[in-house]
Amino acid sequence: MGVERLRTTTTLEEEEDIGGAADGGAVSVVTAASDQRLYQYLKLKNGMSALLIHDPAMASAPKDSSGQNMGVDEEDDEEEDEDHSSGSVSGSGEEEDEDEEDDMEYHESELDEGEEESDNDDDDEMPSHVGAAQAPTKKAAAAMCVGVGSFSDPPDAQGLAHFLEHMLFMGSSKFPDENEYDTFLSKHGGGSNAFTETEFTCYHFDISPSFLKPALDRFSQFFISPLAKAEAMDREVQAIDSEFEQVLQSDACRLLQLQCHTAKPSHPFNTFSWGNRKSLSEPMERGMDMRGKLLQLYRDHYLAGRMKLTILGGEPLDTLKQWAIELFGKVSEGGEARLPFPWDGPVWESGRMYRVESVRDQHLLAMTWPLPCLQADYLKKPQDYISHLVGHEGAGSLLSLLKAKGLATGLSAGVGDGGYDRSSAGYMFTVNIHLTDSGLEHVLDVVGLLYQYVKMLRLIGPQEWVFKELQSMAMMEFRFAEEESADNYVVRLASNMHLYSEENIIYGDYSFEQWDPDLVADLLKRVNPSNMRLDIVTKSFNRNAPGVEVEPWFQVPYTIEILPADLLQQWENPSHVDPALTIPVVNAFIPHDFTIRTGKSVVSEDLSIPRVVLDDPALKVWYKLDQTFKTPRANTYFSVMCRAAGESIKAVVLTDIYMKLLEHELNETIYLANVAKLESSLAVTGDKIDLKLFGFNEKLPVLAHKIAELLTSLVPREDRFQVIKEDIERAYRNANMKPLKHSAYLRLQALKERFWHADDKLACLLSLTVKDVTDFIPQLFNQTYIEALCHGNLDEEEALKIANIFKQTLVKNVLPPELRPQERIIKLPLGSSLLHSANVKNESEENSVVEMYFQGEQDLGRDSIRTRGIIDLFEQMIYEPCFNQLRTKEQLGYRVDCGVRVTYRVLGFCFRVQSAKYTPPFLEHRINTFIASLSQVLKEMTDEEFTSYKTALVELKLERDHSLLDETDRHWEQIWDQRYLFDARKLEASELLTISKSEVSEWFSRFLDSSSAVRRKLSIHIWGCNAQAERNNRKDNESTEDGDVTVIDDLQAFKHGKELFPVLV
């Protein structure tokens, strides 16, 4: 099965000092045969559990010019304040509502098409001329997961656990400077983060391997002697409040808090875990000793027995063991027993339906059934069996029937990974259904169909073959698990140490060891109407209806309806089951051949980069056989250039419709492949259709044939067209609801020669008919050209066969080079300071945004390697000072960042701040003030500090690809951008070695300094609802400290006649 038990090489003997290891034999950690890392489970004498991980592939410590190890232990005395960029409570971070936009992802592709964040792709090897210190690198990392979270918040200080998480970053007795920890990590290529869950709080960092021990020294002090400075408390409450304001308009977070608010008063859910100024500052104003409460929570629960530590490094296990004992042995002992939050009984009032006002234009039906805590049953995973069947999207599934009836466009089912989804108080099985307008009208019928499906599952009984299929796929995934980033890996394993036995810390996520049909049947019985929580989140909500209530923290309007007893009884035992509902068939996409290809030896070829194996007028194929990861996976990416796709706004909208229709018709096939870990994606960006097939390679040609067959033969049906049209209309209306996306959108609109605004696309959409789509499909592929990358476990012949499948289907007439559309970017006028302002799209959105963009030079490929090194180094040097000044010290807002922008190969640099407290002009002024200070910052930076930043960036450039997919994406970026510098990261790393501080200062003076005659600046102001009154009272054309501002009212008119950057060939 590809599983081996890897025993530690030594027995954990008794140590003399307080931080020694406890008595006990070695623990065998179950690992995959392909995992070359070594593991040792350690129990410190104070009760702390630690998992030590030695990665033999981790590069040795870089040497400085004298040949000395650069991983010094001296303390750094920087004085900047600190914060940790996230600190999100379960359900409160930026990620929670991303799934709300998944079903129309490609409609907002303008936000990232042709644009990348700061480049940090890497390659596997360095050319010999770079020097021994420049071998490919990996990151070291550590995580501490503490067994206490928001369930332990006192009723009079809600959000206290989250507050404590923030305060631990505010210095320690040994390292008292607030920003010392993050500054140290930043200088050495690392970063930190933390998050508070319901029952856990996790802290973690990554760093250049040679600086692991001094980073661990700083990290350990969080848990030994934090200062929790009184003078930092108000500032951190403001940070928490800003964090809360980021999610006020998140439908996912709003629904979660409503569910907490309406839970039984004594249930652990009945709390406010985010925390904000009201919950934390107002008690202090009433005389509460909040610092005393923080310290009490820390003393009571931050005990070694509740702490799980993971350390990943390149040092031998014995060395990592010594460090763990030395640095963490002084953590206070105690806390061996896990904090219990048992619950038996209903979580919410039974027989209720909650209608909830949605921020986005959507109709979401959310059904939740509380289940017992299933943590002890992780070897059985009965909830996954039910989730797999209820959430299935193949033929005979619930979703398939709902789509056929025009009632829904999407469905997901399962027990989530968050603390509210799985805790000692119980597991929450949830089914989310995205309804059409008709589905909302017949929502009770939709619920009824779900219970018909559940009845069908009960009638046929638990099926062992389904369990074995899940077991087979999980074992396949475990056996060939792709490496995660160091940071993600240590966080996952530290969390798992609270959930699984020592030997299953890794394997527990994948294990389907015990088939328990009785437990499956018991859980299916619990999926019943009397145990159901029913929420409808919809934009079609009447605030003036009788009985409207308001949730107090998020101010969410909702109503509660009592469901009729006869309806509940009808759902409990449906009179019939729709014959279209059936259990899935055996999945034909599950692979069985895992043979690793060896390929033919190619003389005089660089095997570390892709090579062209076919280049004809219709198709160009890049190919690379994987010889690094040796996994039975392949990634095949295709860029299909269709001239007709972007010729007009009508063509753009018709292409969007076509893509959604295609997605619908392929869904049942693609879903089966996805379940078997053969994934695919379809997206349209400009004139290109981006098609990707990636995963286990055996059945990849089969999937390619099925997709290709439908690409040009699709015949739209009227009923399906109407559903898709409604879905796209909703997506267009939802575009730019988030202020940060809105600002990026407007910046790209100002820069791109061709840009179709979502509002214009919406107007066009409303007039289209199914005949328009039918007529358009042949035109879409009338002239095409394909460029492909085939990478992984494929022979050259196999790669060419797959590529030719799409060539034969899609290329009727070749699109010649001279007719291939090219995206072009406006060259902003020299010395310009431009401003475009807009109000937030969501009238209730309090956050404002300033996005300040400085345009640089065009990326000319190899000739711009040094420039890219300089601009990336500038970002490396100023990111932490920017965050520290504008976020931590000035508390302008929760979201503060800066970084490189590469927009269709035009280099630029951006500063962004999102704030619910300050207006855009004030934010602009503070950013300008910070930028003005950078000249002095650069001047005063010591040579030692500058070298540290360079070394960190070189290691970042040379960081190894974690997986085959990472490497493919890195190569594809070069092909998509038509840059073709597959060794760009190596070249940039080599160039960085000779870049001087004066070159960085000169770049700054030329492109960012307000006194520069060639600076080109564009500011985007998004005005939140709190700031719009001031906007109405001021003149946008007033002068600022860096000269007169040119206000752009009409972006399209502004671009007319402007000079464009040339097309690069």
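Is Phe 223 buried or exposed, and what is its relative accessible area? I begin with that residue because Phe 223 has a relative accessible area of 2%, which makes it buried, and I should say at once that everything I show today comes from a predicted model.

Let me stay with the aromatic side chains for a moment. A search of the whole structure finds 54 aromatic pairs. In one of these pairs, Phe 223 meets Phe 222, with the ring centres 5.9 Å apart and the planes at 45°, so we call the pair tilted. Phe 222 is buried as well, at a relative accessible area of 5%. Both residues belong to one aromatic cluster, whose other members include Phe 169, Tyr 181, Tyr 203, Phe 205 and Phe 219, and Tyr 298, Tyr 302 and Phe 328 also take part in that cluster.

A second pair is Phe 244 with Phe 554, where the ring centres lie 5.0 Å apart and the planes stand at 75°, so this pair counts as edge-to-face, the cut-off being over 60 degrees. Phe 244 lies in helix 4, residues 230-246, while Phe 554 lies in the loop between strand 17 (549-550) and strand 18 (557-562), and the pair therefore ties together parts that are 310 residues apart in sequence. Phe 244 is buried, with a relative accessible area of 5%, and Phe 554 is buried too, at 3%.

Now to the charged side chains. Side chains of opposite charge can pair when their charged atoms come close. Across the whole structure the search finds 58 salt bridges, and I have picked three to show you.

In the first example, Asp 859 and Arg 868 meet through their side chains, with a distance of 2.5 Å from N to O. Asp 859 has 0% relative accessibility and so counts as buried, and Arg 868, at 3%, is buried also. This salt bridge is part of one network, in which shared partners join Asp 859 and Arg 868 with Asp 872, Lys 957, Arg 979, Arg 985 and Glu 988.

The next example is Lys 692 with Asp 690, whose closest N and O atoms are 3.8 Å apart, and both of these residues are buried. Lys 692 also lies over the face of Tyr 637, at 4.7 Å from the ring centre, so that an aromatic ring and an acidic side chain both figure in the description of this lysine. A further lysine placed over a ring is Lys 827, whose charged end sits 5.0 Å from the centre of the ring of Phe 1061.

The last salt bridge joins Arg 37 to Asp 35, with the closest N and O atoms 3.0 Å apart, and here again Arg 37 and Asp 35 are buried.

Asp 35 brings me to the pockets. Where does Asp 35 lie with respect to the second largest pocket? That pocket has a volume of about 730 Å³, and among the 31 residues that line the pocket, Asp 35 is one of those closest to its centre, together with Ser 34, Ala 481, Glu 483 and Phe 629. Strand 2 (29-32), helix 13 (464-479) and helix 14 (486-496) are the elements that give two or more residues to the lining. By class, the lining holds 14 charged, 10 nonpolar and seven polar residues.

Notes
Residues are numbered from 1 along each chain as its sequence is written. This is a predicted model: local features need pLDDT of at least 70, side-chain atom pairs count only at pLDDT 80 or more; totals for chains, interfaces and linings use all residues. Side-chain values use heavy atoms; hydrogens and water are left out. A salt bridge is a side-chain nitrogen of Lys or Arg within 4 Å of a carboxyl oxygen of Asp or Glu. Buried means under 20% relative accessible area, exposed over 50%, partly exposed in between (1.4 Å probe, protein chains only). Rings of Phe, Tyr and Trp (its six-membered ring) pair if their centres lie within 6.5 Å; planes under 30 degrees apart count as stacked, over 60 as edge-to-face and the rest as tilted. Helices (H or I, at least four residues) and strands (E, at least two) are DSSP runs, numbered from the N terminus. A charge sits over a ring if NZ of Lys or CZ of Arg is within 6 Å of the ring centre and within 35 degrees of the ring normal. On a 1 Å grid over the protein atoms alone, a cavity is a set of points where a 1.4 Å probe fits but cannot get out, and a pocket is an open set with protein on both sides within 12 Å along at least five of seven lines; lining residues have an atom within 4 Å of a point. Grid points are joined across faces, edges and corners, and a volume is the space filled by probe spheres set on the points. Ala, Val, Leu, Ile, Met, Phe, Trp, Tyr, Cys and Pro count as nonpolar, Asp, Glu, Lys and Arg as charged, and the others, Gly among them, as polar.
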